[in-house]
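Work through these exercises with the model open beside you. Try each task before reading its solution.

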Protein chains: 2
Amino acid sequence: MNPATPPTASDVLAAAARIAPHAHVTPVLRSSALDAMAGCELHFKCENLQRVGAFKFRGACNAVFSLDDAEAARGIVTQSSGNHGAAVALAARLRGTHATVVAPRSTPRVKLAAIAGYGARIVPCETAQASRDATTAEVLADTGGVLVHPFNDARVIAGQGTATLELLRQAPGLDTVVAPVSGGGLLSGACIAAHASDPDIAMYGAEPLGARDAHDSLAAGERITGRIADTVCDGLRAELGSVTFPILQAHLREVLLADDTAVIRAMRLVWERLKLVVEPSAAIPLAVVLGHPQRFAGRRVGLVLSGGNVDLDAVSAMFVTS
Amino acid sequence: MNPATPPTASDVLAAAARIAPHAHVTPVLRSSALDAMAGCELHFKCENLQRVGAFKFRGACNAVFSLDDAEAARGIVTQSSGNHGAAVALAARLRGTHATVVAPRSTPRVKLAAIAGYGARIVPCETAQASRDATTAEVLADTGGVLVHPFNDARVIAGQGTATLELLRQAPGLDTVVAPVSGGGLLSGACIAAHASDPDIAMYGAEPLGARDAHDSLAAGERITGRIADTVCDGLRAELGSVTFPILQAHLREVLLADDTAVIRAMRLVWERLKLVVEPSAAIPLAVVLGHPQRFAGRRVGLVLSGGNVDLDAVSAMFVTS
């Protein structure tokens, strides 16, 4: 499988079989109170209950277990400031190899601890994308390891698609799916999985107002890069990649935006109504559904709750000040 | 079914069938990190994801749907400072009748809002049990309604037992079950369900150190009443009832205690590791398992996460100060 070629529905099915021994089948939850609030049926796919606390394990696991033994033995290299790093670390450990994660010095302590806890080596870098890329290139050269990119990789995209594959089986008859968009791995996989099942499913991306490169890139017809993201959604600060952008162009109905206040309000609703700990990035699908009632009225909507890795103290402060 | 006669395993099975159209089959979750910390296998039954956010819906639903039409039409009366009130309110609405909930003036605002949100009438009383009982008696006399006691009622106990019935089906081979104990409805139902399946399953109650009447009653061989509970576990301040006490005497291995600091620490672990919002009362089984490692070493333990109804701001403050 060429990491630079968009995956097909068959790749998503193969990924589902490949990761099945390792990944959880996460539940789909509902809330009549949230349905009433939104004016539509909401079906929440609980990837915060996935291993490492995020959907990222699906893609990392598929990529790492797609390698042949010789490749895997070289070790896995990635760059991540969060969940993908932990996901690669765990997948490498399960595969019996080692991982190196290039992580900005600004990475939250809890996320670094998670990466280290799964046994990966952490190589610090600066926050700027150029520093991340340069350090990653150095590590690849030094170690001879195999790169598993966080999103711009067909194996990763196919793995992420398994979340939506499961969701559509667990909640038959959905006519709409909303997932967060950052680098586009989750959403690209969702598009491929959903449209293989039913080409009429309306696919929406949910993006922070302060990191709206996907929204603007799709409007412009070309990838917009180099902006500085400013959002509470620490998992949604990446830019679309060369593999994910054309997939979204082909499949997506629209990218909808929500500001941080709406995200925090939606996050609080998920905690209170669904009794789930989710991170800000995971709450943005609900935020955009609540923010665009006319688009979703009466529809049967699947929403991907992408992850639950938060610093409880920091989130508590958000709730108190919001 | 006589509410004062202990329910049988058949009653639990009948309850499961009766509530099936209305209640959720809640998931059972695991965490390898928590297993490592505890030195045993932990299987968490997620009743925080039950309707109204607590196992209480099972018992209330079974009791309300056990009534014949003429009884149900008289309306349901109960006393509750929390989840049971909301559960009765929802069950009554689903049955097409009305409910009156006698609630102490000290009941948290969010819990009163939940009860009212399900359409029940709230009658305020003072906190002392005598005031609760007197007010409940008045309401029963005034309305001619049917009492559904929060725990000292065989229909309620049978309903609560369905949580453990499901748990044992979802996680075959458990040798130990730990549930919180307050009035004893949940734990009594758990005992009956578990021992019908396997009489060798070790049944433990988990109780706050500051509300240890069940622990002391079982040691004394008679019900101890009239103490003032002092614990962060707002759902565990009731005393054993005349129906629940002998069931626990017959089935229970032991009641284990945890102080509030251990409860809050366990609650934080559940939020962080399982990504679940649980209330303090729901975290006490994990607190006692972590506090008594020698008793649980190597065992396959089911723990009932009893509910998730919290005031987020208040819990945030607990985390910050703990």
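## Exercise 1: The annotated domain

Over residues 20-307 of chain A, helix makes up 48% and strand 17%, and the end C-alpha atoms are 19 Å apart. The model is predicted.

**Task.** Find which domain UniProt lists for residues 20-307 of chain A.

**Solution.**
- Step 1. Look up the record: the UniProt entry gives "domain: Tryptophan synthase beta chain-like PALP" for residues 20-307 of chain A.
- Step 2. Check the status of the record: the entry is unreviewed.

## Exercise 2: Where the chains meet

**Task.** Describe the contact between chain A and chain B: how many residues does each chain give, and how much area is buried?

**Solution.**
- Step 1. Count the residues: chain A gives 19 residues and chain B gives 19 residues.
- Step 2. Take the area: about 1,700 Å² is buried between chain A and chain B. Carbon and sulfur atoms give 62% of that area.
- Step 3. List the pairs: the interface of chain A and chain B has 2 salt bridges. It also has 8 residue pairs in polar contact.
- Step 4. Find the elements: on the side of chain A that touches chain B, α12 (260-274) and α15 (312-321) of chain A are the ones that give two or more residues. The most comes from α15(A), with 5 residues.
- Step 5. Sort by class: the side of chain A that touches chain B has 10 nonpolar, 5 polar and 4 charged residues.
- Step 6. Look at one pair: A:Asp313 and B:Arg268 form a salt bridge, with the closest N and O atoms 3.2 Å apart.

## Exercise 3: Salt bridges within a chain

Start from a general point. Side chains of opposite charge can pair when their charged atoms come close. Over all chains, the count comes to 33 salt bridges.

**Task A.** Which parts of chain A does the pair A:Glu166 and A:Arg58 tie together?

**Solution.**
- Step 1. Check the distance: the side chains of A:Glu166 and A:Arg58 form a salt bridge at 3.0 Å, N to O.
- Step 2. Place the residues: A:Glu166 lies in helix α8 (residues 154-170) of chain A and A:Arg58 in helix α3 (residues 56-66) of chain A, so the pair ties together parts 108 residues apart in sequence.
- Step 3. Check exposure: A:Glu166 and A:Arg58 are both buried.

**Task B.** Now take B:Arg300 and B:Glu41. Are they buried or exposed?

**Solution.**
- Step 1. Check the distance: the side chains of B:Arg300 and B:Glu41 meet in a salt bridge of 2.7 Å, N to O.
- Step 2. Place the residues: B:Arg300 is in strand β10 (residues 300-305) of chain B and B:Glu41 in strand β2 (residues 41-46) of chain B, so this pair joins parts 259 residues apart in sequence.
- Step 3. Read the accessible areas. B:Arg300 has a relative accessible area of 26%, so it is partly exposed. B:Glu41 is partly exposed too, at 28%.

**Task C.** Where do B:Arg105 and B:Glu126 lie?

**Solution.**
- Step 1. Check the distance: the side chains of B:Arg105 and B:Glu126 meet in a salt bridge of 2.8 Å, N to O.
- Step 2. Place the residues: B:Arg105 is in the loop between β4 (99-104) and α6 (109-117) of chain B, and B:Glu126 is in the loop between β5 (121-125) and α7 (129-143) of chain B. The two are 21 residues apart.
- Step 3. Read the accessible areas. B:Arg105 is exposed at 54%. B:Glu126 is partly exposed at 42%.

**Task D.** Which residues are linked with A:Arg30 in a network of salt bridges?

**Solution.** The network links A:Arg30 with A:Asp35, A:Glu41 and A:Arg300.

## Exercise 4: Two residues of chain B

**Task A.** Describe the surroundings of B:Ser80.

**Solution.**
- Step 1. Place the residue: B:Ser80 is in the loop between β3 (76-79) and α5 (83-95) of chain B.
- Step 2. Apply the cut-off: buried means under 20% relative accessible area. B:Ser80 has 8%, so it is buried.
- Step 3. Find the polar partners: a polar atom of the B:Ser80 side chain lies 2.8 Å from the backbone nitrogen of B:Gly82. For the backbone nitrogen of B:Gly85, the distance is 2.9 Å.
- Step 4. List contacts beyond four places in sequence: B:Ser80 touches B:Gly85, B:Val101, B:Val102, B:Ala103 and B:Pro104.

**Task B.** Is B:Thr164 buried or exposed?

**Solution.**
- Step 1. Place the residue: B:Thr164 lies in helix α8 (residues 154-170) of chain B.
- Step 2. Read the area: B:Thr164 has a relative accessible area of 0%, so it is buried.
- Step 3. List contacts beyond four places in sequence: B:Thr164 touches B:Ala190, B:Ala193, B:Ala194 and B:Val304.

Note on methods:
Residues are numbered from 1 along each chain as its sequence is written. Chains are lettered from A and ligands numbered from 1 in the order in which they are written. This is a predicted model: local features need pLDDT of at least 70, side-chain atom pairs count only at pLDDT 80 or more; totals for chains, interfaces and linings use all residues. Side-chain values use heavy atoms; hydrogens and water are left out. Contact means heavy atoms within 4.5 Å. Buried area is the accessible area (1.4 Å probe) that two parts lose on being put together, summed over both. A salt bridge is a side-chain nitrogen of Lys or Arg within 4 Å of a carboxyl oxygen of Asp or Glu. A polar contact is a pair of N or O atoms within 3.5 Å; within protein, one must be able to donate a hydrogen and the other to accept it, and residues adjacent in sequence count only if both atoms are side-chain atoms. Helices (H or I, at least four residues) and strands (E, at least two) are DSSP runs, numbered from the N terminus. Ala, Val, Leu, Ile, Met, Phe, Trp, Tyr, Cys and Pro count as nonpolar, Asp, Glu, Lys and Arg as charged, and the others, Gly among them, as polar. Buried means under 20% relative accessible area, exposed over 50%, partly exposed in between (1.4 Å probe, protein chains only). UniProt positions are given in the numbering used here, feature names are shortened, and annotations may be inferred rather than shown by experiment.
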